[in-house]
Amino acid sequence: MYIYNMYRNLLILYVFCATFFLGKNTIIAQNEPLKQVLNLTQPPYLKAGDTVAIVAPAGILKNRTAEIESAKKLLKSWGLHAQVGKHIFNQEHHFAGTDDERCEDFQNALNNPNIKAIWCARGGYGSVRILDKLDWSNFKENPKWIIGYSDITAIHNQVHNLGVQSIHAMMCTSLQDTPETITETINTFKYSLFGQPLHYTLKGSKYNKTGSVTAPIVGGNLTILHTMLGSKTSIDTSGKILFIEEIGEYKYHIDRMLQSLKRAGYFNNCKAVIIGDMTKIKRNTTPWGSSIEQLILDVLSEYNFPVVFNMPAGHEKDNRALILGKLATLTVKNEHSTIIFN
């Protein structure tokens, strides 16, 4: 009986130790951060004669034929051809066609070797609904530029996690404004597409946190970044410069999203933060009590990285292109700041 009890106790001890150490290792593995993607593949820059696909992965394009025609003319003026998705003007409630139809147009553009860039017609909402339907196999073998902003942030995140650069820039519906009023928006889109030098001097701000870093720029619309948390499309910001912009939110909504990102570790190893346009901030019945700039600084107060305001990118007419995933040198001063893509 003594020997039996001794072996039984040893067996229990063995099982306990195995469970403890193996379980511990499993927890560590599950909590390991995603592999950092710092050296992203750069798709070939465009040249005269190339073809750009125009697709609508999100919101409906009701009464938007004029903007699509303007987009085709713009591409033609640059020596490019346009291929418009066959479902682009379809209507399915909120969306530019059913999920399957929008996915089909995007998939065809991904798979077609003659398409050198994919230009999203508009944002709105809906890109996330087709992300898991898309097959990225051909894209990974033959990367091409994907262009858009706002809701297209979901696609930018997906492309970033595939290790490919993309372009945060104007969409076809931006051409509802006359070209003369959006000169820099159009020019910087062209520069980024054709590989011309891209650099910005930003006006100063008393809210800037000074410093200089060189790192890839990632990010986009704050709401979309927030909704990606916990999914395979959420991005790892470690070693990167995070860009954010937003439209039509209450200040407390913006604070809530930033707090969520913070609690998820979004800023822990971030190199810097660029604040784009915070457009049409709504007024709450209970005043927030500080500026949007101070709200953001309060969330980021415990971090030592540079923070720069006044980047003209987002939902304003002056929406300058950013090459997401590309190395850039950010120098932040109170008087002015610079962003130079390497």
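**Notebook: helix α7, the cores and a cavity**

I started with α7 (residues 183–194): at 1.5 Å a residue its 12 residues should span 16 Å, and I find its end C-alpha atoms 17 Å apart, which agrees. The expected span is 1.5 Å times one less than the number of residues. Helices here are DSSP runs (H or I, at least four residues), strands likewise (E, at least two), numbered from the N terminus.

This is a predicted model: local features need pLDDT of at least 70, side-chain atom pairs pLDDT 80 or more, while totals for chains, interfaces and linings use all residues. Numbering runs from 1 along each chain as its sequence is written, and side-chain values use heavy atoms, without hydrogens or water.

Next I looked up which α7 residues are buried (under 20% relative accessible area, 1.4 Å probe, protein chains only). They are Thr-185, Ile-186, Thr-188, Phe-189, Ser-192, Leu-193 and Phe-194. They pack against α2, β3, β4, β5, β6 and β11. Just after α7, I noted Gly-195 with a positive phi of about 80°.

Then the largest nonpolar core (buried Ala, Val, Leu, Ile, Met, Phe, Trp, Tyr and Cys joined through side-chain atoms within 4.5 Å). It has 74 residues, and Leu-193 is among those with the most contacts inside it. β3 gives the most to this core, 5 residues.

Last, I checked cavities (1 Å grid over the protein atoms alone; points where a 1.4 Å probe fits but cannot get out; lining atoms within 4 Å of a point). The count is 1 cavity of 30 Å³ or more. α6 gives the most to the lining of the largest cavity, with 3 residues.

Technical notes. Buried < 20%, exposed > 50% of the residue type's maximum accessible area, 1.4 Å probe, protein only. Contact = heavy atoms within 4.5 Å. 1 Å grid on protein atoms, 1.4 Å probe; cavity = no way out; pocket = protein on both sides within 12 Å on 5 of 7 lines; lining within 4 Å. Points joined across faces, edges and corners; volume = space filled by probe spheres on them.
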